[in-house]
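Colleague: I should like to go through this structure by question and answer. Please show it to me first.

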Amino acid sequence: MFKPKKAPKYTPPPVPSAPVEEYQQSNGVDNNNGTHKSQLVFHCQQAHGSPLGLISGFSNVKELYQKIAECYDFPPEDILFCTLNTHKVDMKKLLGGQIGLEDFIFAHRKGRPKEIEIVKTEDSLGLTITDNGAGYAFIKRIKDGSIVSGISHIRVGDHIEKLNGANMVGKRHYEVAKTLKEIPIGTTFTIRLVEPLRSGFANIGPHSSGARAGRKQNYGSGKETLRFKANGPATIENEHDDKSKAGIEKINALLESFMGINDTDLATQMWDLSAGKNNSMQLAEAIDNSDLQEFGFTDEFIIELWGVITDARSGRL
């Protein structure tokens with residue numbers, strides 16, 4: 001449906017030396033006891049290459065994108081997603097609802113669009129969908145041996161812009177995954193994707209979950225994180241302990257298995273909701289009384305979820 005173009009030579013961005021600074025003025029960021037903390041200033045860069053930038057004064061993902069866009073003078077809608085501490089399209093380093101205080105932010109901008117016709121020969125296409133928290137759903141993982149894995153033009157990091165001409169911009173990842181799942185077997189459909197802007201092939205991340213992650217850099221090792229809130233200012237919190245991290249990772253695997261989505265922030269929210277709950281019925285009630293009720297989780301999923309939580313609490317994961 002399109003002709004690939006030869007990419008210009010890629011120049012990797014420099015490794016930052018001091019990823020975070022503090023200015024002695026308040027910007028509404030709170031610590032755990034609600035007192036004001038000095039303004040946090042993060043380094044950022046466009047993933048395909050650009051001068052280094054400094055950004056501060058944001059409390060959620062949309063505000064972060066706005067600050068980056070202002071820094072480099074382009075529309076915030078150009079940002080597909082951000083990665084932390086790597087310029088590569090590495091889905092293990094996606095920015096979500098929190099940033100480590102020593103993390104370096106790389107913004108991946110819109111590249112070329114492409115339209116591809118696919119014949120759905122199986123119930124599952126082999127895609128795991130996530131979103132950027134600002135209206136763009138994109139491909140986080142491609143299952144080996146799946147329908148999509150045999151289509152070379154569909155790649156990890158591609159934004160799903162349209163399905164059969166229907167606009168997917170502004171929809172959450174689970175809505176896009178549901179739309180894909182509801183396409184009847186045997187149907188030919190058209191998917192319009194927008195890939196991240198690339199300046200070479202060195203910044204392409206793993207094609208599937210089987211690929212190994214790159215070596216850890218010498219930054220992004222802080223233990224405190226700036227966590228975004230749906231309402232109110234961002235807060236500075238300590239990282240979860242090992243049991244919590246194992247539980248959150250397993251909850252995310254459940255989300256992928258049941259819904260075809262991947263969302264560490266959603267998994268974290270579920271884990272946090274389970275605090276103080278003693279059985280699956282209490283957990284189900286807590287989810288129904290939260291903004292998570294819109295996902296429509298089944299009873300089967302809640303039972304599996306509670307099993308993961310109890311295993312994590314007891315250290316069995």
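Modeller: Contact here means heavy atoms within 4.5 Å. Please bear in mind that the model is predicted.

Colleague: Is Thr 225 buried or exposed?

Modeller: Thr 225 belongs to strand β12, which spans residues 224-227. Not counting residues up to four places away in sequence, Thr 225 touches Gln 98, Ile 99, Gly 100, Leu 101, Thr 235, Ile 236, Glu 237 and Glu 239. Buried means under 20% relative accessible area. Thr 225 has a relative accessibility of 5%, so it counts as buried.

Colleague: Which helix gives the most to the largest nonpolar core?

Modeller: The largest nonpolar core has 52 residues, and Phe 297 is among those with the most contacts inside it. Phe 297 touches Leu 255, Met 259, Met 270, Ile 287, Leu 292 and Ile 302, leaving aside residues up to four places away in sequence. With seven residues, the helix that gives the most to this core is the one at residues 299-313, α6.

Colleague: How many disulfides are there?

Modeller: A disulfide requires two cysteine sulfur atoms within 2.5 Å. The cysteine sulfur closest to that of Cys 44 is in Cys 71, at 4.5 Å, and is therefore too far for a bond. Cys 82 is in no disulfide either, as its nearest cysteine sulfur, that of Cys 44, is 8.4 Å away. By this rule the number of disulfides is zero.

Colleague: What is the relative accessible area of Cys 82?

Modeller: The cut-off for buried is under 20% relative accessible area. Cys 44 counts as buried at 0% relative accessibility. Cys 82 is also buried, and its relative accessible area is 1%.

Key
Residues are numbered from 1 along each chain as its sequence is written. This is a predicted model: local features need pLDDT of at least 70, side-chain atom pairs count only at pLDDT 80 or more; totals for chains, interfaces and linings use all residues. Side-chain values use heavy atoms; hydrogens and water are left out. A nonpolar core is a set of buried Ala, Val, Leu, Ile, Met, Phe, Trp, Tyr and Cys residues joined through side-chain atoms within 4.5 Å. Buried means under 20% relative accessible area, exposed over 50%, partly exposed in between (1.4 Å probe, protein chains only). Helices (H or I, at least four residues) and strands (E, at least two) are DSSP runs, numbered from the N terminus.
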